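Thank you for sharing this entry; below are some notes for a reader who is meeting it now. Please keep the structure in view while going through the points.

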Amino acid sequence: MKLTILGGGGFRVPLVYGALLTDRAEGRVTEVVLHDLDDSRLYAVAKVLEEQAARVPDAPKVTATTDLDEALRGADFVFSAIRVGGLEGRAHDERVALAEGVLGQETVGAGGIAYGLRTVPVAVDIARRVARLAPDAWVINFTNPAGLVTEAMSRHLGDRVIGICDSPVGLGRRIARVLGADPKEAWIDYVGLNHLGWVRGLRVAGRDELPRLLADPDLLGSFEEGKLFGVDWLRSLGAIPNEYLHYYYFNREAVRAYQQAVKTRGAFLADQQARFYEEMKRPDAAALTTWDRTRAEREATYMAENRETAGAGERDADDLSGGYEKVALALMRAIARDERTTLILNVRNQGTLSVLDTDAVIEVPCLVDANGAHPVAVAPLPEHATGLVCAVKGVEREVLAAAESGSRATAVKAFALHPLVDSVNVARRLVEGYTDVHPGLAYLK
């Protein structure tokens, strides 16, 4: 089975390959094709993968190419993890927004809109090529903003594109852990959009254990989200929000913390990864060791400003292991071998949330089999969550419309309508600022 990884020179690709190395069953991935626009990044990542596979018999064969059509042709699965504009583009997204006093995070608020505007046209081109060159392939999208990009691609690939994210996985794992439950045995009632969802229940053997967690302040305050949001706020919500909702519930504090930071997250990662890729050019570089060390630093500093604002301290060691690669592997297994499973995924709504239309991509538990991912029926969201979900989905639709039409006015509308951008004039200045620094937005007229 052939897996093509778009963004194959990306820093987190070894996580995906490491997961593949654990799969020894019949029908596993035997060929991995890395595609990237940057030869040197492909070389660096290939060195890490080579060391990973050194002691694994029959490890999947790895090849690399800068030719997109060659990479896609004949693929069974396509894993998309591209970053249009690179980390330098992410740093620009942050700086332009923060200069206007609004959030520049890569998936939330102004930064997410800017990232979406330059990513959607590229993702749509990829979707069209997949439909032409690998019509039977399944696309697993990890490219951010994941829900928005998945919806853009679904207009050309239908249900054969499925978005994944590690945030719900990590959240469910943390809740199960503090409740003393096995995450594999728990049913997680999670509903929303990508980076905008809530855990409303966690059932073990048919019993919802979340009320027990909410009733115990010591237990509730013992894990990441309890420290981040505060016990009182979680009890008021009656649910555990995705960590990215901290940008909404504590927006002013988050913006202030990011403005005061020595470096934005994008600038930090740009510098860190530049050092990694530069070191990989040395013939004697210990590729896997260097990658492991760099990844540990990356994970430990994740959402550091938010945790500092909340006084949450450092991340727990158990939360540094990622998880999206395991979701990707479980998804491929379920489809390729009809190994039925349940995963929280980004898929078309299909009537699951009545407040959104059929084609809106949402993030909910799905039953997965050889025919793809099927969203499970869920209870309606409370009004406060419904309002936020509808508002952000409305913004996503304006981003898609702007990307399709090239309309600068529609791009301004997308920014202006976002709950975290509180001024039409700010929206206009954001579009000006972003088009000045991003060549990929030159299509907006």
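**Notes on a pocket, a buried asparagine and the aromatic pairs**

1. The lining of the second largest pocket receives its greatest share from H17, which gives six residues. In this predicted model, the pocket in question, the second largest, has a volume of about 840 Å³, and its lining is made up of 23 residues. Those that lie nearest its centre are Val169, Pro183, Lys184, Thr342 and Leu343. At least two lining residues come from each of helix H7 (167-178), strand S7 (186-193), H17 and strand S11 (341-348).

2. Helix H17, which spans residues 324-337, also takes part in an aromatic pair, since it holds Tyr324, while the partner Phe79 lies in strand S4 (residues 77-80). The pair therefore ties together parts of the chain that are 245 residues apart in sequence. With ring centres 6.0 Å apart and planes at 25 degrees, the pair of Phe79 and Tyr324 counts as stacked, because planes under 30 degrees apart are classed in that way. Phe79 has a relative accessible area of 3% and is therefore buried, and Tyr324, with a relative accessible area of 3%, is buried too.

3. Trp233 and Tyr249 form an edge-to-face pair, with 5.3 Å from centre to centre and 75 degrees between the planes. Trp233 belongs to helix H11 (residues 231-237) and Tyr249 to helix H12, so that the pair links parts of the chain 16 residues apart. Trp233 is partly exposed, at a relative accessible area of 33%, and Tyr249 is also partly exposed, at 22%.

4. The count of aromatic pairs comes to eleven. Ring pairs also join Phe11, Phe276, Tyr277 and Trp291 into a cluster. A charged side chain meets a ring as well, for Arg160 lies over the face of Trp138, at 4.2 Å from the ring centre.

5. Is Asn242 buried or exposed? Its relative accessible area is 1%, and because buried means under 20%, Asn242 is buried. Asn242 sits in the loop between strand S10 (240-241) and helix H12 (246-249), and a polar atom of the Asn242 side chain lies 2.9 Å from the backbone nitrogen of Tyr244. When neighbours within four places in sequence are left aside, the contacts of Asn242 are Ser167, Pro168, Leu171, Tyr190, His195, Gly197 and Phe229.

Note on methods. Residues numbered from 1 in each chain as written. Predicted model: local features only at pLDDT ≥ 70, side-chain atom pairs only at ≥ 80, totals over all residues. Heavy atoms only, no water. Helix = DSSP H or I, 4+ residues; strand = E, 2+ residues; numbered from the N terminus. Buried < 20%, exposed > 50% of the residue type's maximum accessible area, 1.4 Å probe, protein only. Polar contact = N/O pair within 3.5 Å; in protein donor to acceptor, adjacent residues only side chain to side chain. Contact = heavy atoms within 4.5 Å. Phe/Tyr/Trp six-rings, centres within 6.5 Å; stacked < 30°, edge-to-face > 60°. Lys NZ or Arg CZ within 6 Å of the ring centre and 35° of its normal. 1 Å grid on protein atoms, 1.4 Å probe; cavity = no way out; pocket = protein on both sides within 12 Å on 5 of 7 lines; lining within 4 Å. Points joined across faces, edges and corners; volume = space filled by probe spheres on them.
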